[in-house]
Each structure stands twice: as C-alpha cells, then as structure tokens.
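Visitor: I should like to understand how the terms used for a structure are justified. May we go through some of them in turn?

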Amino acid sequence: MSYEIARRAAEAVLEAARAEGERVCVSVTNRSGITKVILADDGAGPIAVETSRLKAYTAAVMGVSTAEFAKFAAEPVLQACPPHLVDSQLHPVPGGYPIVTDDGEVIGGIGVGGAHGEVDARVVGKGLKSVADLLT
C-alpha cells in the first residue's frame with residue numbers, strides 16, 4: 001500500500017462526505033492493519049476517529065467489508081467464541097472495505113466513521129473509485 005493510494009482515497013472520501021453535508025473521519029491501513037493515513041474533518045469527533053481506524057483494520061485483516069464481517073460475526077456458531085475475543089480491534093459495523101488490486105490481492109483497508117453506517121459505506125465507495133487506476 002503506497003502513501004499515494006492511501007492519501008488519494010482518504011481525500012476523496014472527505015470530499016464525498018462533505019458533498020453530503022457530513023463531517024467524518026477516514027482511515028486507511030496497509031494489509032496488516034497498520035495505519036497509513038487518518039484524516040479527520042472539522043467537526044468529526046473522537047469516536048469517529050477510532051471507529052474509522054477499527055473499520056479500516058477489520059476490512060484489511062479480514063479481507064471483506066465490515067458489513068460482511070458483521071454477518072459472519074453474528075452467526076450462532078460464533079457465540080461460543082465471538083471474534084472480538086480473538087482480536088479486540090475487529091469492528092463489525094458498516095463503513096469499512098478492503099482495498100484490493102485488480103488481481104485480487106488485499107493491500108489494505110479503508111474505513112469511515114462519524115456518519116450513519118449507510119453514509120459511511122457510500123462515501124468509502126467513492127474513495128475506492130478515486131484510486132482504481134492505481135490498483136492495476
């Protein structure tokens with residue numbers, strides 16, 4: 001995961017959120033969940049910062065969106081050993097997506113916090129589109 005991909009995606013998310021009247025925080029991690037970029041817009045609170053980071057982490061290390069991970073985590077068989085007991089940073093709520101190259105390699109994750117989960121998920125999509133040319 002290059003800094004250029006992380007920065008460009010994060011800036012596109014902030015612009016998309018602002019266009020919807022939202023003030024959010026966006027985090028981008030590498031494939032191991034290590035933070036590359038965090039951008040917090042004016043008015044984004046501390047919970048937005050932490051939830052965006054956790055969503056990016058979850059998407060990167062699990063390789064699926066956080067909405068998909070939430071479905072997995074809610075399965076009855078996992079109630080005996082919930083995923084958060086294995087890794088307390090896993091965050092099963094919408095708004096996080098893996099960053100995947102054209103050949104299917106997960107190179108990182110991107111997460112948004114501070115708005116409703118549906119808005120978070122929508123603006124992340126715009127961030128991913130902004131870096132599509134760099135993922136080939």
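Visitor: What makes F72 partly exposed?

Guide: This is a predicted model. F72 has a relative accessible area of 38%; partly exposed residues lie between the 20% and 50% cut-offs, so F72 is partly exposed.

Visitor: Why is F69 called buried?

Guide: The relative accessible area of F69 is 2%. Buried means under 20%, so F69 is buried.

Visitor: Why is the pair of F69 and F72 called tilted?

Guide: A search of the whole structure finds 1 aromatic pair. The ring centres of F69 and F72 are 6.1 Å apart, and the limit for a pair is 6.5 Å. Their planes meet at 40 degrees, which is neither under 30 nor over 60, so the pair is tilted.

Visitor: How do you know that F69 and F72 are separated by about one helical turn?

Guide: Both belong to helix α3, where they are 3 residues apart. An α-helix has 3.6 residues a turn, so residues three or four places apart point the same way.

Visitor: What makes V64 partly exposed, and where is V64 placed?

Guide: V64 has a relative accessible area of 27%, between 20% and 50%, and is therefore partly exposed. V64 is in the loop between α2 (46-62) and α3 (66-73). Leaving aside neighbours within four places in sequence, V64 is in contact with A59, F69 and P98.

Visitor: How does the span of α2 agree with the expected one?

Guide: The 17 residues of α2 reach 24 Å from first C-alpha to last, close to the expected 24 Å.

Note on methods. Residues numbered from 1 in each chain as written. Predicted model: local features only at pLDDT ≥ 70, side-chain atom pairs only at ≥ 80, totals over all residues. Heavy atoms only, no water. Helix = DSSP H or I, 4+ residues; strand = E, 2+ residues; numbered from the N terminus. Buried < 20%, exposed > 50% of the residue type's maximum accessible area, 1.4 Å probe, protein only. Contact = heavy atoms within 4.5 Å. Phe/Tyr/Trp six-rings, centres within 6.5 Å; stacked < 30°, edge-to-face > 60°. Expected span 1.5 Å × (residues − 1).
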